[in-house]
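Subject: Structure handover

Hello,

Here is the structure you asked about, with the sequence alongside. My notes on the core and the salt bridges follow below.

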Amino acid sequence: MDAVRLIVTSRRALAGGGDAPHVMAEVWQAQALAQAIGSRLAVAGPPELRGEALGLTELAGRGCGVLDRPDIAMEHLRAAQLTELGDARQALLCLGGLLGEVGIALVGLASAADDEATYWQCMEAIDAADESRDRVLDMLRRLADRDEALPA
């Protein structure tokens with residue numbers, strides 16, 4: 001499945017809300033998807049994005065690592081369903097939106113956390129989502145700079 005469709009699916013699932021474990025599972029899914037997209041861009045994306053894409057892969061991996069891995073069957077793991085990137089710019093625009101929504105969802109979870117461990121887990125995941133989103137925005141700027149430099 002292409003990246004944009006998977007991102008849209010993740011955004012809908014995250015917006016659907018639910019209890020804290022469901023939202024945490026969706027946050028984990030979103031970070032895993034960001035990691036997979038970053039990996040694809042690092043290997044087969046535009047050359048000017050490859051370094052930043054590798055950084056996105058590492059940051060999103062950290063975002064997954066600070067969260068407990070949800071019990072998700074492989075056929076439901078969105079990152080495993082990624083078969084093509086499609087238009088890199090569109091995928092990055094959508095991914096940036098998803099990561100922003102992940103941060104918002106995590107703020108809500110942290111605010112309602114009953115225990116300190118969940119609070120700090122959310123705070124670390126917020127940091128990872130913000131840094132991942134910053135990396136996505138850097139890649140979008142690089143694409144814009146490339147397009148400006150191309151002769152008309």
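Contact here means that heavy atoms lie within 4.5 Å of each other. Please keep in mind that this is a predicted model.

The core

With that meaning of contact, Leu95 touches Ile7, Ala34, Ile37, Leu56 and Val136, leaving aside residues up to four places away in sequence. Leu95 belongs to the largest nonpolar core, which has 46 residues. Within that core, Leu95, Ile37, Leu41 and Leu106 are the residues that touch the most other members. Five helices each give two or more residues to the core: H1 (3–15), H2 (20–44), H3 (50–65), H4 (88–112) and H5 (116–149). Which of them gives the most? That is H4, with 12 residues. As general background, nonpolar side chains in soluble globular proteins tend to be buried together.

The salt bridges

How many salt bridges does the structure hold? The count is 10. I describe some of them here.

Glu48 pairs with Arg146, and their closest N and O atoms are 3.4 Å apart. Glu48 sits in the loop between H2 and H3, while Arg146 is in helix H5, so this salt bridge ties together parts that are 98 residues apart in sequence. Are the two partners buried or exposed? Partly exposed is the class that covers relative accessible areas between 20% and 50%. Glu48 counts as partly exposed because its relative accessibility is 29%, and Arg146 falls in that class at 30%.

Arg146 also forms a salt bridge with Asp147, where the closest N and O atoms are 3.5 Å apart. Asp147 is partly exposed too, at 33% relative accessibility. These residues are part of a network of salt bridges that links Glu48, Arg89, Arg146 and Asp147.

Another salt bridge joins Arg62 to Asp127, with 3.5 Å between the closest N and O atoms. Arg62 is in helix H3 and Asp127 in helix H5, so the pair links distant parts of the chain, 65 residues apart. Arg62 has a relative accessible area of 34% and is therefore partly exposed. For Asp127 the relative accessibility is 35%, which again counts as partly exposed.

For a first look on screen, I would start from Leu95 and its contacts, then turn to the network around Arg146.

Regards

Note on methods:
Residues numbered from 1 in each chain as written. Predicted model: local features only at pLDDT ≥ 70, side-chain atom pairs only at ≥ 80, totals over all residues. Heavy atoms only, no water. Core = buried A, V, L, I, M, F, W, Y, C linked by side-chain atoms within 4.5 Å. Buried < 20%, exposed > 50% of the residue type's maximum accessible area, 1.4 Å probe, protein only. Helix = DSSP H or I, 4+ residues; strand = E, 2+ residues; numbered from the N terminus. Salt bridge = Lys/Arg side-chain N within 4 Å of Asp/Glu carboxyl O.
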